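Please examine the sequence and the structure shown below. The explanation that follows begins with a single residue and then widens to the elements around it.

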Amino acid sequence: MSPSTAPALARTVLITGASTGIGLAAARRLAANGWTVFAGVRSEADGSAVVDGAQGDLRPVRLDVTQA
C-alpha cells in the first residue's frame, strides 16, 4: 500500500522536538503532504510558532521529554 492510499490512522505521526530544526521541517513537510502531525513542543509560544504559516493538519502538543 502506498502512503497516498494508506488509511488515515496510518498517516498520523508524533514528532518530538518540533519547535526548531529538523523536527520543525519534518512536521511541516508531513502536514503539508496530508499527514496528521502531533508536534511536540515545550511551550504554548513554541506551539503557536510551529503552526504559524504551516499548511495541513499540524497539532502542537506540549511535552517535555526531559521531565518524568
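In this predicted model, Thr36 is in contact with Arg11, Thr12, Val13, Asp57 and Arg59, when its neighbours within four places in sequence are left aside. Thr36 itself belongs to strand β2. One of these contacts is polar: the side chains of Thr36 and Asp57 meet at 3.2 Å. Thr36 counts as buried because its relative accessibility is 17%, and the cut-off for that class is under 20%.

Thr36 also takes part in strand pairing, as the bridge partner of Thr12. The strands concerned are β1 (residues 12-15) and β2 (residues 36-41), which run parallel and are joined by 4 bridges. Together with helix α1 (residues 21-32), β1 and β2 make a β-α-β unit, and this unit is right-handed.

The pairing extends beyond these two strands. Between β2 and β3 there are 6 bridges, and these strands too run parallel; in one of the pairs, Gly40 has Val61 of β3 as its bridge partner. The outcome is an open sheet of 3 strands in the order β1-β2-β3, with parallel pairing. Its edge strands, β1 and β3 (57-62), each pair on one side only. On average, neighbouring strands of the sheet are turned by 20 degrees against each other, direction ignored.

Two helices complete this picture. Helix α1 lies across β1, β2 and β3, and runs at about 165 degrees to β1. Helix α2 (residues 44-51) lies across β2 and β3, running at about 170 degrees to β3.

Technical notes. Residues numbered from 1 in each chain as written. Predicted model: local features only at pLDDT ≥ 70, side-chain atom pairs only at ≥ 80, totals over all residues. Heavy atoms only, no water. Pairing = 2+ DSSP bridges. Right-handed = clockwise from strand over helix to strand, strands pointing away. Buried < 20%, exposed > 50% of the residue type's maximum accessible area, 1.4 Å probe, protein only. Polar contact = N/O pair within 3.5 Å; in protein donor to acceptor, adjacent residues only side chain to side chain. Contact = heavy atoms within 4.5 Å. Axes fitted to C-alpha atoms, helices over the stretch in contact; angles between N-to-C directions.
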